Amino acid sequence: MAEATPALRKPVFTKVNELRPGTNGHSLNVKVVSSKMVMQRGGGGGGRPNGPQARQMRIAECLVGDETGIIIFTARNDQVDLMKEGKIVTLRNAKIDMYKGSMRLAVDRWGRVEVAEEPTDITVKEDNNLSLIEYELVNVEA
C-alpha cells in the first residue's frame with residue numbers, strides 16, 4: 001500500500017489591499033518604493049565583539065506595494081540589504097504587526113524575504129497606503 005505524502009501547497013499570493021490587522025501567513029510579490037534606516041545598533045568597528053549584546057541590529061522601514069496599494073514593511077538585519085529601491089521582492093509567511101494603531105508588514109524567522117526570480121515590473125498604486133489607516137482596538141464582551 002502506497003503511503004500518502006502530503007503534497008507541498010503552492011503559495012497563494014495575497015495583494016496588499018487584502019491585508020488585515022492580526023493576520024499572518026501571507027505571501028506577496030511587492031516592489032520596494034523606498035527604504036529608510038530607522039535604527040542601527042551594535043556590530044562595532046573591527047574589534048572583537050564584547051559580550052552577547054554586541055550583535056548588530058538594523059531596522060529599516062520600507063514602503064512596499066503592488067497594483068492595489070502600499071504598506072510599510074519593517075525590514076530587520078539581513079532583510080535590509082535586500083530591500084533596495086525599485087527591486088521586486090517576494091515576502092513569504094509575512095505577518096501584520098500593529099504599530100501605534102496602524103498596520104506594518106513584517107517577516108520574522110519563520111518567513112523569508114527574497115528578490116523575485118522572474119523580472120516582473122509592478123506598477124505601484126501609491127494613493128492607497130494601508131499604513132495610514134488607523135485602527136482602534138475594540139474589546140468585545142461575550
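Start by selecting D108 and K95: their side chains form a salt bridge, with N and O 3.9 Å apart. The model on your screen is a predicted one. D108 sits in the loop between β5 and β6 (112-115), while K95 belongs to strand β4 (residues 88-99). The two residues are 13 positions apart, and their pairing links distant parts of the chain. Are they buried or exposed? D108 has a relative accessible area of 30%, so it counts as partly exposed, since buried would require under 20% and exposed over 50%. K95, at 26%, is also partly exposed.

Why might such side chains pair at all? Opposite charges on side chains can pair when the charged atoms come close.

Next, select R104 and E61. Their closest N and O atoms lie 3.9 Å apart, and the pair is a salt bridge. R104 is in strand β5 (residues 102-106) and E61 is in strand β2 (residues 57-66), so this salt bridge ties together parts that are 43 residues apart in sequence. Now colour the two residues by accessibility. R104 has a relative accessibility of 11%, which is under 20%, so R104 counts as buried. E61 has 23% and therefore counts as partly exposed.

Move on to K125 and D127. Here the side chains meet in a salt bridge with an N to O distance of 3.4 Å. K125 is partly exposed, with a relative accessible area of 36%. D127 reaches 65% relative accessibility, which is over 50%, so D127 counts as exposed.

Then select R92, R112 and E114 together. Salt bridges that share partners join these residues into one network. How many salt bridges does the structure hold? The count is nine.

Now clear the selection and show the protein chain as a cartoon. You should find one helix and six strands. Following the chain from the N terminus, the elements run β-β-β-α-β-β-β.

Last, switch to the surface. The accessible surface of the protein chain comes to about 9900 Å², and carbon and sulfur atoms account for 50% of that area. Of the 142 residues in the protein chain, 35% are buried. For the contacts, take those in the protein chain with a separation of 6 or more: residues 24 or more positions apart account for 62% of them. To finish, go back to R104 and E61, whose salt bridge joins strand β5 to strand β2.

Definitions and conventions: Residues numbered from 1 in each chain as written. Predicted model: local features only at pLDDT ≥ 70, side-chain atom pairs only at ≥ 80, totals over all residues. Heavy atoms only, no water. Helix = DSSP H or I, 4+ residues; strand = E, 2+ residues; numbered from the N terminus. Buried < 20%, exposed > 50% of the residue type's maximum accessible area, 1.4 Å probe, protein only. Contact = heavy atoms within 4.5 Å. Areas by Shrake-Rupley, 256 points an atom, 1.4 Å probe, with all protein chains shown as cover. Salt bridge = Lys/Arg side-chain N within 4 Å of Asp/Glu carboxyl O.
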